[in-house]
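Here are my notes on the charged pairs and the main pocket, jotted down as I went through the model. Have a look at the structure first, then read on.

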Amino acid sequence: MRFPAALALLLSAAPAASEEIITSPAPASVSVSVYRAPDRASDEAMNLDWLQGYALVTEQRTVEIPAGRATVRFEGVAAGLFPESAIVTGLPSGVREKNLDADLLSPRSLYARMFGRPVILRRTDLATQKVREERAVIRSGPDGAAIVQTAAGFEVANCGGLEDEILYPDAPKDLSAKPTLSIETDSPVAHKATLSLSYLAWGFDWQSNYVVQMNADGRTADVSAWVTLASSDSTSFAEAETAVIAGKVNREDSTHGEKPSGGELELTCLLSQLAPPPPAPPPPPMVMPAPAMEMADIVVTARRAGAMNAPVTVQQEGLGDLKLYRVPVRVTVAANAQKQVALAQRHGVKMEALYRADVHEDRVGVVRQMLRTRNRKEDGLGLPLPGGPVTVFEPVGSGPDQGSMLLAGEGGLPDRAVGEDVEILLGEATQIVASAEEIGSSKVSRTVALNVSNARPVPVRFEARISSGGTVEGISPRRLARKDGRTIWSVMVPARGKASLTYRIVNSD
């Protein structure tokens with residue numbers, strides 16, 4: 001049974017006479033820079049159920065600082081704030097102490113913190129609907145039965161035909177409705193200060209998402225790149241200057257900070273565990289529930305005001321060995337949500353489609369589809385490409401769906417700088433088969449035949465990357481390429497045809 005708590009009757013606890021408490025309810029402006037999860041590969045998708053990246057948050061706040069000692073409370077900071085990382089500038093006298101309030105004002109935390117303290121118990125007789133109020137003292141924790149002490153003795157709330165509600169005449173002063181960072185100051189004079197608060201907070205992450213639409217010629221593609229940033233924090237940052245950082249920062253973090261707690265209060269009548277429950281009411285008519293909106297379903301595309309069809313494109317800047325991608329307009333980094341803005345859009349990018357397999361001596365690995373291009377302007381790209389998942393679509397050339405795009409595969413793209421080769425590995429091939437067998441051997445070498453067959457009605461390019469403990473020599477054909485320490489065999493396999501390679505592996509010793 002849910003036990004209600006009347007938060008509306010709370011009165012703020014009076015501050016100590018020796019120290020004044022000043023509250024800044026919200027920042028005047030804020031910027032958020034999101035860093036990618038350090039242990040996640042750049043071409044691996046975010047885990048939306050466990051975001052392990054972090055953000056650098058910088059806020060500007062104007063506060064009236066009193067003379068003498070005072071506590072300044074910054075409400076609405078990120079719930080995942082690392083207190084040790086917080087820096088406050090703009091105070092001539094500096095900061096004496098910093099604290100992150102770990103308990104939020106909620107029915108559960110309020111009940112737990114009021115243990116042994118007087119409250120008002122409002123009781124409604126369910127049979128007569130008469131209401132009475134009396135003073136009581138909480139004598140149990142927030143889990144299980146609610147035990148209170150009244151003038152009549154110890155009682156269990158919500159039992160014996162009564163519906164009980166607790167009213168709190170006051171609350172502990174360190175409970176806040178929002179995540180709050182507090183600092184202690186000691187100023188010789190009263191003054192108005194514009195403070196800058198910067199801190200790191202966990203529970204954020206970002207990635208790039210690429211959509212490749214192959215053109216009908218099979219040699220070019222239109223590429224759309226999007227930056228998706230996600231937050232699992234309970235705090236929203238409205239109209240924030242936003243940026244994402246690519247690259248790995250050498251930051252050691254053994255434990256996450258303590259996230260402010262809160263939650264609902266769930267209390268049960270002790271007697272319900274001793275007596276059988278009353279018969280359940282008949283079930284209501286079945287209604288199909290609306291699908292739950294999870295964080296993965298919330299994708300917001302930022303667009304410039306007054307230009308409904310013009311997506312906002314992030315701007316790339318240098319940051320030492322890192323890359324910074326800045327969103328040129330202010331956006332809201334919402335709590336428990338995602339935001340998506342355009343990184344780049346390129347048309348007519350040169351794109352080679354092929355199939356590839358890794359071969360070690362006479363053992364052939366999985367044959368996979370692959371797209372390959374070069375990150376150069378003359379090939380249609382020429383910009384830093386932060387890693388992320390890739391979705392590939394191909395046009396339908398015949399049938400009732402002719403002219404439409406169908407999903408061809410999904411893969412990942414590692415971080416690629418300008419000038420580098422871009423290779424996108426897709427799924428396992430189903431119509432291209434490769435096999436190898438040893439067809440001869442001697443004391444100094446082995447001879448291997450590699451065969452590939454194409455069941456598709458069109459020619460395809462196949463590439464084998466051959467590695468060995470010895471030296472690989474081509475027999476038929478004799479000339480083979482070398483790249484990244486491997487022998488490369490590249491061949492065009494005819495439609496519904498086959499191709500073969502014979503090579504010799506010469507022992508290194």
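1. Let's start with the charged cluster. E352, R356, R372, E423, R461 and E463 are joined up in a network of salt bridges. Keep in mind that this is a predicted model, so everything here is computed from its atoms.

2. How many salt bridges turn up in a search of the whole structure? The count is 27. I picked out a few individual pairs below.

3. R69 and D186 are one such pair, with their closest N and O atoms 3.8 Å apart. R69 sits in strand 5 (residues 68-75) and D186 in strand 13 (residues 180-187), so this bridge ties together parts that are 117 residues apart in sequence. Are the two partners buried or exposed? Neither label fits: R69 has 45% relative accessibility and counts as partly exposed, and D186, at 36%, counts as partly exposed too.

4. Next, D379 and K350. Their side chains meet in a salt bridge at 3.8 Å, N to O. This pair also links distant parts of the chain, 29 residues apart: D379 is in the loop between strand 24 (368-374) and strand 25 (388-395), while K350 belongs to strand 21 (residues 337-350). The two ends differ in accessibility class. D379 is buried, because its relative accessible area is 5% and the cut-off for buried is under 20%. K350, on the other hand, is partly exposed at 45% relative accessibility.

5. E134 and R132 make another salt bridge, the closest N and O atoms being 3.6 Å apart. On the arginine side, R132 has a relative accessibility of 44%, which puts R132 in the partly exposed class.

6. Now the largest pocket. How much space lies in it? About 690 Å³. The lining is made up of 26 residues, and those closest to the pocket's centre are G218, A353, E394, R456 and V458.

7. Which strand gives the most to that lining? Strand 22 does, with 4 residues. Strand 22 (352-360), strand 24, strand 25 and strand 30 (460-467) each contribute at least two residues to the lining.

8. As for the chemistry of the largest pocket, its lining residues split into 16 nonpolar, 5 polar and 5 charged. If you are browsing the pocket on screen, G218, A353, E394, R456 and V458 are the lining residues closest to its centre.

Technical notes
Residues are numbered from 1 along each chain as its sequence is written. This is a predicted model: local features need pLDDT of at least 70, side-chain atom pairs count only at pLDDT 80 or more; totals for chains, interfaces and linings use all residues. Side-chain values use heavy atoms; hydrogens and water are left out. A salt bridge is a side-chain nitrogen of Lys or Arg within 4 Å of a carboxyl oxygen of Asp or Glu. Buried means under 20% relative accessible area, exposed over 50%, partly exposed in between (1.4 Å probe, protein chains only). On a 1 Å grid over the protein atoms alone, a cavity is a set of points where a 1.4 Å probe fits but cannot get out, and a pocket is an open set with protein on both sides within 12 Å along at least five of seven lines; lining residues have an atom within 4 Å of a point. Grid points are joined across faces, edges and corners, and a volume is the space filled by probe spheres set on the points. Ala, Val, Leu, Ile, Met, Phe, Trp, Tyr, Cys and Pro count as nonpolar, Asp, Glu, Lys and Arg as charged, and the others, Gly among them, as polar.
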